[in-house]
Amino acid sequence: MGTTTVAFRGKAQCRATSPSSTENSSECSSPQQETLWEDLPDTLQDCVLARLPLRDLFRCRVVCKRWDAKILCPKFQKTFDEVLSRVSPCPLVLSYSGGDIVAAFEPELNCWKRLPSVAFCGGGSKYTRIRAGAGGLLCLIKRHIYDDASSSDSSDEDEEEEEEDSIVVCNPLTKSWKVLPPTKNKFDEIHVAHMVLDEHTKVYQIILAGVQHGVSDTISEIYDSVSNSWRSEDSRLPPNTELATCQRYSSAVCDGILYCVAWDLGNKGAGVISYNIKSGVFNDFVYRTPGPQCLQVVDCDEKVFIVVNSNLILELQPATQTWQTVAKMPQQVLAGCSGEMFPCKCVATRDSILHFPGNNPCREIVVYSIKRGVWSSLHNYHPYYTLPIASFPFKPTLGVPV
């Protein structure tokens, strides 16, 4: 198999000989070089591999069965997650096409990177969408749509009951995945999809809310990874309220409450309503705008924020359920973005809110640091500007099972 290059960030490179290597090479002809990797303690081998770029790490899995087992073992997964949290503390921002990841933006390095495909679990279909994610896991929803022409050709006796939409949870790094049990109700349209993961127990939940065909009332279902089942809730919205679609608008969770964007049909404006995950009940608006405005809801450092029209940031005060103005984009930053930031997609990382401009590859990515209270711009060409940006951050991990 030859040699595998192990690259450190900003450090010199070293070469490690594959345990199964039988090829003769001028670079590795010395017995000392051939046994260099074998002489390293297991803990040091793990530290070296954990610092590989993601795509190179998974190339190492095909070196031999022993390396594949090492990378997938719990001990290395723990080392990898610890190293990644120090080297790259900011989660990645995904750019995707249909149900397949195309690339991810790494704020710390201000660069776009290609990521492994999720086609292994059915992603890549034009009817599949990445709808939610948390803790290194992704939730994909595949809609089963049939052409009228193909369905009319089938005879009555060959007709079968229409297949339900399938929901898949996967870890793109380990290529592990599972198809979830079908929901108790058949959603005609899903307006809200949100995933929550407990980093200590690795237990996750998926919250879906939407409507059934021919039914005006909103329904919600919550999946629990422990019981591997859905529970259905008859979730009635406040009068004259309609949920905004999750493909364009984000949602956030804090202390068991889900916050999502909704339309106030009575006042012809937008707002944010809350949903109690435990009881499965929607509450009234916790924020309203006087007219049609662009809202994004994000959670950052266990706090919930609303971004209004891409440049005004409000923070939720949980005790009073009121919103406090945190920051407004300075004119000099706004001027550097060609004078406007609408429309954009806002994504929160560990301690920052990133504004991704749409429809222009050369416009800047604007970052607001919650911790430092500072606005900044990232001068970065966006090669995937025609593709949607996921409304949730993605933190690669090996240690979260599906």
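These legends go with several close-up views of a predicted model.

**Figure 1. Four strands line up in an open sheet.**
Start with the sheet whose strands come in the order β10-β11-β12-β13, paired in the antiparallel way. The edge places go to β10 (189-197) and β13 (229-233). Each of those two has a single partner strand, so one of its sides is left without a neighbour in the sheet. Step from one strand to the next and you'll meet a twist that averages 20 degrees. Now zoom in on β12 (residues 218-224), which is joined to β13 by five bridges. If you'd like one pair to look for, take Glu221 and its bridge partner in β13, Ser232.

**Figure 2. Strand β8 sits under cover.**
How many of the six residues of β8 are buried? The count is six of six, so to speak a full house, and the strand is mostly covered. Look at one side and you'll find Ser166, Val168 and Cys170, while Ile167, Val169 and Asn171 are on the other. Both faces are covered, and the residues on each side are all buried.

**Figure 3. β8 has partners in β7 and β9.**
This view keeps β8 and adds the strands it pairs with. Strand β7 (residues 137-142) runs antiparallel to β8, and five bridges pair them up. Among the residues to pick out here is Leu140, whose bridge partner in β8 is Val168. Strand β9 also pairs with β8 in the antiparallel sense, this time over four bridges. Find Asn171 and you'll see Ser176 of β9 standing opposite.

**Figure 4. Lys175 takes a positive phi in a hairpin loop.**
Between β8 (166-171) and β9 (176-179) there is a loop, and Lys175 lies in it. The two strands make a hairpin with four residues between them. Most residues other than glycine have a negative phi. Lys175 goes the other way, with a positive phi near 55 degrees, and it isn't a glycine. Is Lys175 buried, exposed or partly exposed? Its relative accessibility is 47%, so Lys175 counts as partly exposed.

**Figure 5. Asn240 is another residue with a positive phi.**
Move along to the loop between β13 and β14 (241-243), where Asn240 has its place. Phi is positive here too, at about 60 degrees, although Asn240 is not a glycine. With a relative accessible area of 51%, Asn240 is exposed, because exposed means over 50%.

**Figure 6. Strand β17 is paired with β16 and β18.**
Strand β17 (residues 269-276) has eight residues, and seven of them are buried, so the rest of the structure largely encloses this strand. Strand β16 (residues 257-264) pairs with β17 over eight bridges, in the antiparallel sense. Look for Asp264 with Gly269 of β17 opposite. Strand β18 (residues 281-288) is joined to β17 by five bridges, and those two run antiparallel as well. A pair to look for here is Asn276 and, opposite it in β18, Val281.

**Figure 7. Two hairpin turns share β17.**
Take the hairpin of β16 and β17 to begin with: four residues come between the strands, and Lys268 in the turn has a positive phi of about 55 degrees. Then follow the chain to the hairpin of β17 and β18. Here, too, four residues come between the strands, and the positive phi, near 70 degrees, belongs to Gly280.

**Figure 8. Gln77 is tucked into helix α6.**
You'll find Gln77 in helix α6 (residues 74-87). Why does Gln77 count as buried? Its relative accessibility is 13%, and buried means under 20%. Who touches Gln77? Leaving aside neighbours within four places in sequence, its contacts are Ile71, Leu72, Leu398 and Gly399. Thr174 is 97 residues apart from Gln77 in sequence, yet the two are 10.0 Å apart in space, C-alpha to C-alpha.

**Figure 9. A cavity inside the structure.**
The structure holds two cavities of 30 Å³ or more, and this view is about the largest, with a volume of about 110 Å³. Which residues lie nearest its centre? They are Asp165, Ile167, Thr183, Asn185 and Phe187, out of 11 residues that line the cavity. Sort that lining by class and you get six nonpolar, two polar and three charged residues. Ile167 may look familiar, as it is one of the buried residues of β8.

Methods:
Residues are numbered from 1 along each chain as its sequence is written. This is a predicted model: local features need pLDDT of at least 70, side-chain atom pairs count only at pLDDT 80 or more; totals for chains, interfaces and linings use all residues. Side-chain values use heavy atoms; hydrogens and water are left out. Two strands pair if DSSP finds at least two bridges between them. Axes are lines fitted to C-alpha atoms, for helices over the stretch in contact, and angles run from 0 to 180 degrees between N-to-C directions. Buried means under 20% relative accessible area, exposed over 50%, partly exposed in between (1.4 Å probe, protein chains only). Contact means heavy atoms within 4.5 Å. On a 1 Å grid over the protein atoms alone, a cavity is a set of points where a 1.4 Å probe fits but cannot get out, and a pocket is an open set with protein on both sides within 12 Å along at least five of seven lines; lining residues have an atom within 4 Å of a point. Grid points are joined across faces, edges and corners, and a volume is the space filled by probe spheres set on the points. Ala, Val, Leu, Ile, Met, Phe, Trp, Tyr, Cys and Pro count as nonpolar, Asp, Glu, Lys and Arg as charged, and the others, Gly among them, as polar.
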